[in-house]
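Thank you all for coming; I would like to use these few minutes to walk through a binding site and then a metal site. Please have the view in front of you as I talk.

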Amino acid sequence: MRETAIAAVQAWEALDSRGRPTVACAVTLRDRAEGRIVVPSGMSTGSHEAVELRDGDTRYGGQGVRRAVSNVMTVLGPAVVGLDAMDRSTVDAVLEQADGEPDLSALGANAVLAVSVAVTVAAANSNRTPLWRMLSTAGPPLLPLPMINILSGGAHAGRTIDIQDILAIPLGAGSFAEALEWAWSVRSQAERELRRRALPWYLVADEGGLAARLGSNERALALVSDSIAATGLRPGIDVAIGVDVAASQFHGPGGYRLACEGRALDAAGLIAEIVGWCDRYPIASVEDPLAEDDWTAWQLLHERLAGRCQVLGDDLFATQLDRLRRGVADSLANAVLIKPNQAGTITRAERVLREAQASGYATVVSARSGDTEDSWLADLAVGWRSGQIKVGSTTRAERTAKWNRLLEIESRSQGTAEYAGASMVAGRPREHR
Ligand code: PGA
Ligand code: ZN
């Protein structure tokens, strides 16, 4: 048996950054190398994601994951013991088969992902290779352009505004470190602006963004845009805005309800609203502008924004290959968010990313709103050459864990990993990339 064969798999219940239970897992190889990880969890989850298993009993308000933990210990672990950790696709195929459901709902996508990621990390540790280096099989490693959360609303911030996240995209920065520094400046300026308006500037949302009742979505966009300008950086050139509308969250039988403005819009109305935002503010990327199954409307919006802006599918694609393929065929978007826990295994997530890249889509590796102290996601972005990454704001340790890992890679890789800058943002005129 090879030294990199899986010798033992253990799991236990841990807490995510929102304080909800999640699955932690340690995989040990024959050579004693170990991979130990904690899986993330979303709040504004798409209905087409792989499905987490929750206990539904009285502990932790039904959110406990003891059944998922037990599934790792009694089914998934034994199924992969003896397999070579270096052969990730076989390990992940065995995990998928053990579950048997396409959405991994039998044993829980949280259980399956825990083993999949821990095996990957153990393999890198066994090789004494940084994870990003082990994963860079399809080209040289590439440091991603970050999208950094400034203001939050929706499910991440008590629905203070309807838009879930307004982010800074430091398009013009020359390095990852500079990008982070510029985003910090924008955030500090946004805090000052809130203080000036006697609004709370100390309340942070689930991903560390500022949360304030601004009364309208547009006012929030204006605040971030003004904050960019006030730092002396050029809006749209040095730093642009990213918007995660997360529209499925306010879509219902009556259409799209912008609760903070007391308005309801149909799809055509929301499209006009969003195109208007893009006309008035330096927006470079729009995520989930429409509900996850409103395909026709996506097509119309993409047509309107093509050549101007990145149109990014999160809940729309849910990191699922079949949904991405339909999106490419019907020209619904030009970029996809890659969340490993939406896919359920590292292999599945990578497959979606590779197919997206081959189809000319931009890819953005993303954390969840309930994340953990782990930093493996940063390595995925670098090794897979995603070109972009989104992990939240510049506060809260589960966010800075990923930023700090990227700072470390930039500093210690001694030029091995180039910085993507704006080169891989989709939908923008060439001279702006
Ligand atoms: P979630 O939010 O992790 O709560 O789904 C992140 C996002 O929508 O991008
Ligand atoms: Zn999203």
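Before I describe the surroundings of the ligand, let me say how I sort residues: Ala, Val, Leu, Ile, Met, Phe, Trp, Tyr, Cys and Pro count as nonpolar, Asp, Glu, Lys and Arg as charged, and the others, Gly among them, as polar. With that in hand, and bearing in mind that this is a predicted model, the shell around ligand 1 comprises two nonpolar, five polar and seven charged residues. Of the 14 residues that surround ligand 1, the closest are Met 43, Gln 164, Arg 368, Ser 369 and Lys 390.

Turning to individual contacts, the side chain of His 156 places an N or O atom 2.8 Å from an oxygen atom of ligand 1, and the side chain of Gln 164 likewise has an N or O atom 2.8 Å from an oxygen atom of the ligand. Glu 287 contributes a polar side-chain atom, which lies 3.2 Å from an oxygen atom of ligand 1. Taken alone, ligand 1 exposes 270 Å², and the protein buries 100% of that; ligand 1 sits in the largest cavity.

Glu 287 also brings us to the metal, since the zinc ion, ligand 2, is coordinated by Asp 244 (OD), Glu 287 (OE) and Asp 314 (OD), at 2.1 to 2.3 Å. Asp 244 belongs to strand S8 and Glu 287 to strand S12, 43 residues apart, and this pair links distant parts of the chain.

How values were computed. Residues are numbered from 1 along each chain as its sequence is written. Chains are lettered from A and ligands numbered from 1 in the order in which they are written. This is a predicted model: local features need pLDDT of at least 70, side-chain atom pairs count only at pLDDT 80 or more; totals for chains, interfaces and linings use all residues. Side-chain values use heavy atoms; hydrogens and water are left out. A residue is near a molecule or strand if one of its heavy atoms lies within 4 Å of it. A polar contact is a pair of N or O atoms within 3.5 Å; within protein, one must be able to donate a hydrogen and the other to accept it, and residues adjacent in sequence count only if both atoms are side-chain atoms. Accessible areas come from the Shrake-Rupley method with a 1.4 Å probe; for residues, only the protein chains shown count as cover. On a 1 Å grid over the protein atoms alone, a cavity is a set of points where a 1.4 Å probe fits but cannot get out, and a pocket is an open set with protein on both sides within 12 Å along at least five of seven lines; lining residues have an atom within 4 Å of a point. A molecule sits in a cavity or pocket if more than half of its atoms lie within 2 Å of its grid points. Donors are N, O and S atoms within 2.8 Å of the metal (3.2 Å for Na, K and Ca); water is not among the atoms, so sites may look incomplete. Helices (H or I, at least four residues) and strands (E, at least two) are DSSP runs, numbered from the N terminus.
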